[in-house]
Amino acid sequence: MKKQLDRPAVRALLMSSLTFLSTAVAPALGKSLAQRFNLFIQLLDPLVIGLIGAVVSVMVFLDNFFRRSNPVLSGVFGTLNNLIGLIYMLVFAEMLTSISIPVTQIFYSSLTFVTINYQPIVTLIIIVFVVRMLRHFYQILFHEQLKEVA
């Protein structure tokens, strides 16, 4: 099993499959699960999230597939993956800012709107984005030394 995971295609396929499950399938299923509990996420569009999640999954596959054989190409795909991932997180955070909860009282029904401020989380995401971009720039600039080590 360990030898199979060392093959670039198998590892890349596994990583991209996990990425697709966590970025495309889980949010779509999460919205329907939330609706079963009477939480209505108004702005969440599963189609947009699924499309961006699929693109992120393809970039993860290409990044992992070329990591040992062509570090420059892997760095370019990693950079593109980071940019698309940042866009994904900002779009996803914007979609989850408004959640409506139906409240049923004895005499009337109403909706309670919950708004969420993601500014601290967005700040952390941007810091992680910058660190990962530095890693990929290092990978692109020093690809000859990285190729010798691998």
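## Close-up views of a predicted model

**Figure 1. A salt bridge joins Asp63 and Arg67.** In this predicted model, the side chains of Asp63 and Arg67 meet with 3.1 Å from N to O. The salt-bridge count for the structure comes to 1. Which of the two partners is buried? Asp63 is buried, at a relative accessible area of 5%. Arg67 is partly exposed, with 30% relative accessibility. Asp63 also appears among the contacts of His136, shown in the next view.

**Figure 2. His136 is a buried residue of helix H5.** The relative accessibility of His136 is 1%, so the residue falls under the 20% limit for buried. What does His136 touch beyond its neighbours within four places in sequence? Its contacts there are Asp63, Ser74, Gly75, Gly78, Thr79 and Asn82. Helix H4 spans residues 71–95, and helix H5 spans residues 119–141.

**Figure 3. Tyr88 and Phe92 stack within helix H4.** The structure holds 5 aromatic pairs. In the pair of Tyr88 and Phe92, the ring centres lie 5.8 Å apart and the planes meet at 5°. This pair is stacked because planes under 30 degrees apart count as such. Tyr88 and Phe92 are 4 residues apart, about one turn of helix H4. Both residues are buried.

**Figure 4. Tyr138 and Phe142 form a tilted pair.** Their ring centres are 4.9 Å apart. Their planes stand at 45°, so the pair is tilted. Are these two residues buried or partly exposed? Tyr138 is partly exposed, with a relative accessible area of 48%. Phe142 is partly exposed as well, at 37%.

**Figure 5. Four phenylalanines make a ring cluster.** The members are Phe61, Phe65, Phe66 and Phe77. Ring pairs link them. Phe61 and Phe65 fall within the range of helix H3 (46–65), and Phe77 within that of helix H4 (residues 71–95).

**Figure 6. The largest nonpolar core has 14 residues.** In soluble globular proteins, nonpolar side chains tend to be buried together. Which residues have the most contacts inside this core? They are Ile41, Leu44, Ile49, Tyr88, Phe92, Leu96 and Tyr118. Helices H3 and H4 are the elements that give two or more residues to the core. The list includes Tyr88 and Phe92, the stacked pair of Figure 3. Leu44 touches Pro27, Lys31, Ile49, Phe92 and Met95, leaving out residues up to four places away in sequence.

**Figure 7. A nonpolar patch lies on the surface.** Its residues are Ile126, Val130, Leu134, Phe137, Tyr138, Leu141 and Phe142. Together they have about 700 Å² of accessible area. Val130 sits in helix H5 and is partly exposed, with a relative accessible area of 43%. The tilted pair of Figure 4, Tyr138 and Phe142, belongs to this patch.

**Figure 8. The whole protein has 6 helices and 3 strands.** In what order do the elements run from the N terminus? The order is α-α-β-α-α-β-β-α-α. The protein has 150 residues, and 30% of them are buried. The accessible surface comes to about 9,900 Å². Carbon and sulfur atoms hold 72% of that surface. Among contacts with a separation of 6 or more, 67% join residues 24 or more positions apart.

Terms used. Residues numbered from 1 in each chain as written. Predicted model: local features only at pLDDT ≥ 70, side-chain atom pairs only at ≥ 80, totals over all residues. Heavy atoms only, no water. Phe/Tyr/Trp six-rings, centres within 6.5 Å; stacked < 30°, edge-to-face > 60°. Buried < 20%, exposed > 50% of the residue type's maximum accessible area, 1.4 Å probe, protein only. Patch = residues over 30% accessible without salt bridge, like charges linked within 9 Å, V, L, I, M, F, W, Y side chains within 5 Å. Areas by Shrake-Rupley, 256 points an atom, 1.4 Å probe, with all protein chains shown as cover. Salt bridge = Lys/Arg side-chain N within 4 Å of Asp/Glu carboxyl O. Core = buried A, V, L, I, M, F, W, Y, C linked by side-chain atoms within 4.5 Å. Contact = heavy atoms within 4.5 Å.
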